[in-house]
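User: I am new to this structure and would like to learn how to read it. Could you walk me through some features, giving the general idea and then the case here?

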Amino acid sequence: MLLFKPKYSAFFSEIITKKQFKKCCRYNQDGKPLTPIQVKALYETMKPMIEGWKVTDLRLFKYFYTEDYLSGIQFIKDVSKIDALSTKNCPSVHLVGGELLTLELFSPSLNGLSQVDFDLAMRINQMNFNEYFLIPLESLENYKKEVQAHKLKKQAEQIQQELAQTQK
């Protein structure tokens, strides 16, 4: 009968693992969220791949205006499928008034951000937002002006395409 717990597992006097009794997690961050300095560095490194995401020390955010409520719901389902097949981190989604959609990424068990959150943000950015009638927003303040500017730009592009076709 052992009266004490050995510090390391051993087999024929060989240490098998030094990680025994250390706190570890599926994020490979020893149960701790990324520090603000690490978050900033990772955000700057991945900025081209996670364009449009806002970052705080604890969360990643992205805002959308959805022109079609049902397409917004489909987008939420597809984001959930991507998460289930890759990161399994359960993003928080808010659909307000059938038109404002907010995605919030963080690692609940760490109460902060992990590299997994940045990976999921990158995967979401690879989706075709036009397919879901989504307009990415910079912020929620004055979002109606942003949506109006986007629609005007889209109309101008369509008119230019029609003019180019009629000139041929």
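User: Let's begin with strand β6. Is β6 enclosed by the rest of the structure or open, and how many of its residues are buried?

Analyst: Keep in mind that this is a predicted model. A residue counts as buried when its relative accessible area is under 20%. In β6, 6 of the 6 residues are buried, so this strand is largely enclosed by the rest of the structure. You can follow this face by face: L100, T102 and E104 lie on one side, L101, L103 and L105 lie on the other, and all are buried.

User: Which strands pair with β6?

Analyst: To read strand pairing, look for the bridges and for the direction of the two strands. Strand β5 (residues 92-96) is joined to β6 (residues 100-105) by 5 bridges, and the two run antiparallel. Within that pair, V93 has L103 of β6 as its bridge partner. Strand β4 is also antiparallel to β6, with 6 bridges between them. Here you can find F61 opposite E104 of β6.

User: What links β5 to β6?

Analyst: The two strands form a hairpin, with 3 residues between them. In its turn sits G97, whose phi is positive, about 65°.

User: Where else should I look for a positive phi, and which residues other than glycine have one?

Analyst: The general idea first: most residues other than glycine have a negative phi. Two cases to look at here are N111, with phi near 55°, and N142, also with phi near 55°. N111 belongs to the loop between β6 and α3. N142 belongs to the loop between β7 (134-137) and α4 (143-167). N142 counts as exposed, because its relative accessibility is 57%.

User: Now the helices. How do I describe two helices that pack, and at what angle do α1 and α3 cross?

Analyst: Two packed helices are described by the angle between their axes and the distance between the axes. For α1 (residues 36-46) and α3 (residues 115-125), the axes come within 11 Å and cross at roughly 25°. An angle under 35 degrees counts as roughly parallel, so α1 and α3 are roughly parallel to each other. Their crossing is right-handed. From α1, the contact uses V39, L42, Y43 and M46, while α3 brings Q115, F118 and M122. By class, these residues are 6 nonpolar and 1 polar, with no charged ones.

User: And how does α2 pack with α3?

Analyst: Use the two descriptors again. Helix α2 (residues 69-85) packs with α3 at about 135°, and the axes are 10 Å apart. That angle makes α2 oblique to α3. The crossing is right-handed. In this contact, F75, V79, I82 and D83 of α2 meet L120, R123 and I124 of α3. The classes are 5 nonpolar and 2 charged residues, with no polar ones.

User: Is α3 mostly covered or mostly open?

Analyst: To judge a helix, count its buried residues and then ask what covers them. α3 is mostly covered, with 8 of its 11 residues buried. The buried ones are V116, D117, F118, L120, A121, M122, I124 and N125. Their cover includes α1, β4 (60-66), α2 and β6.

User: What is P33 in contact with, beyond its neighbours within four places in sequence?

Analyst: For a question like this, set the sequence neighbours aside and see what remains in space. P33 sits in the loop between β2 (14-15) and α1. Its contacts beyond those neighbours are Q38, L110, N111, G112 and L113. One of them, N111, is a residue with a positive phi. P33 is also 9.2 Å from Q115, C-alpha to C-alpha, although 82 residues separate them in sequence. As for exposure, P33 is partly exposed, because its relative accessible area is 31%.

User: How many helices and strands does the whole chain have, and in what order do they run?

Analyst: For the overview, list the elements and then the chain-wide totals. The protein chain has 4 helices and 7 strands. Starting at the N terminus, the order is β-β-α-β-β-α-β-β-α-β-α. Of the chain's 168 residues, 33% are buried. Among contacts between residues at least 6 apart in sequence, 64% join residues at least 24 apart.

Technical notes: Residues are numbered from 1 along each chain as its sequence is written. This is a predicted model: local features need pLDDT of at least 70, side-chain atom pairs count only at pLDDT 80 or more; totals for chains, interfaces and linings use all residues. Side-chain values use heavy atoms; hydrogens and water are left out. Axes are lines fitted to C-alpha atoms, for helices over the stretch in contact, and angles run from 0 to 180 degrees between N-to-C directions. Angles under 35 degrees count as roughly parallel, over 145 as roughly antiparallel, 65 to 115 as roughly perpendicular and the rest as oblique. A crossing is left-handed if the near helix is turned anticlockwise from the far one by less than a right angle, and right-handed if clockwise. Contact means heavy atoms within 4.5 Å. Ala, Val, Leu, Ile, Met, Phe, Trp, Tyr, Cys and Pro count as nonpolar, Asp, Glu, Lys and Arg as charged, and the others, Gly among them, as polar. Two strands pair if DSSP finds at least two bridges between them. Buried means under 20% relative accessible area, exposed over 50%, partly exposed in between (1.4 Å probe, protein chains only).
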